[in-house]
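Subject: Structure handover

Hi,

Here is the structure we talked about. Please open it first, then read my notes below.

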Amino acid sequence: MEIRITVKQLGKKHPLLSEQTLEIAYNHPNITL
């Protein structure tokens, strides 16, 4: 499973955005967050 996270910088006029990807090796069919 792959989870994508968008990171935002607070308090700036032009915030820096970056997208990070987490790879999780989990094969159970019922996944909750």
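Where along the chain is Tyr 26 found? Tyr 26 lies in the segment after S2. Keep in mind that this is a predicted model.

First, the whole chain. The secondary structure comes to two strands and zero helices. Along the principal axes, the C-alpha atoms fill a box of roughly 45 × 15 × 5 Å. The chain has 33 residues, and 0% of them count as buried. About 3,500 Å² is exposed by the chain. Carbon and sulfur atoms supply 55% of that area.

Now the surface. There is a nonpolar patch of about 550 Å². Met 1, Ile 5, Val 7, Leu 22, Ile 24, Tyr 26 and Ile 31 make it.

Look at two of these patch members, Ile 24 and Tyr 26. Ile 24 has its place in the segment after strand S2, which covers 17-23. Tyr 26 is also in the segment after S2.

Why does Ile 24 count as partly exposed? Its relative accessibility is 33%, and partly exposed means between the 20% limit for buried and the 50% limit for exposed. Tyr 26 counts as partly exposed too, because its relative accessibility is 44%.

One last pair to find: Tyr 26 and Ile 5. They are 21 residues apart along the chain. Their C-alpha atoms are separated by 18 Å. Both residues belong to the nonpolar patch.

Best wishes

Definitions and conventions: Residues are numbered from 1 along each chain as its sequence is written. This is a predicted model: local features need pLDDT of at least 70, side-chain atom pairs count only at pLDDT 80 or more; totals for chains, interfaces and linings use all residues. Side-chain values use heavy atoms; hydrogens and water are left out. Patches are made of residues with over 30% relative accessible area and no salt bridge: like charges are joined within 9 Å, nonpolar side chains (Val, Leu, Ile, Met, Phe, Trp, Tyr) within 5 Å. Accessible areas come from the Shrake-Rupley method with a 1.4 Å probe; for residues, only the protein chains shown count as cover. A salt bridge is a side-chain nitrogen of Lys or Arg within 4 Å of a carboxyl oxygen of Asp or Glu. Helices (H or I, at least four residues) and strands (E, at least two) are DSSP runs, numbered from the N terminus. Buried means under 20% relative accessible area, exposed over 50%, partly exposed in between (1.4 Å probe, protein chains only).
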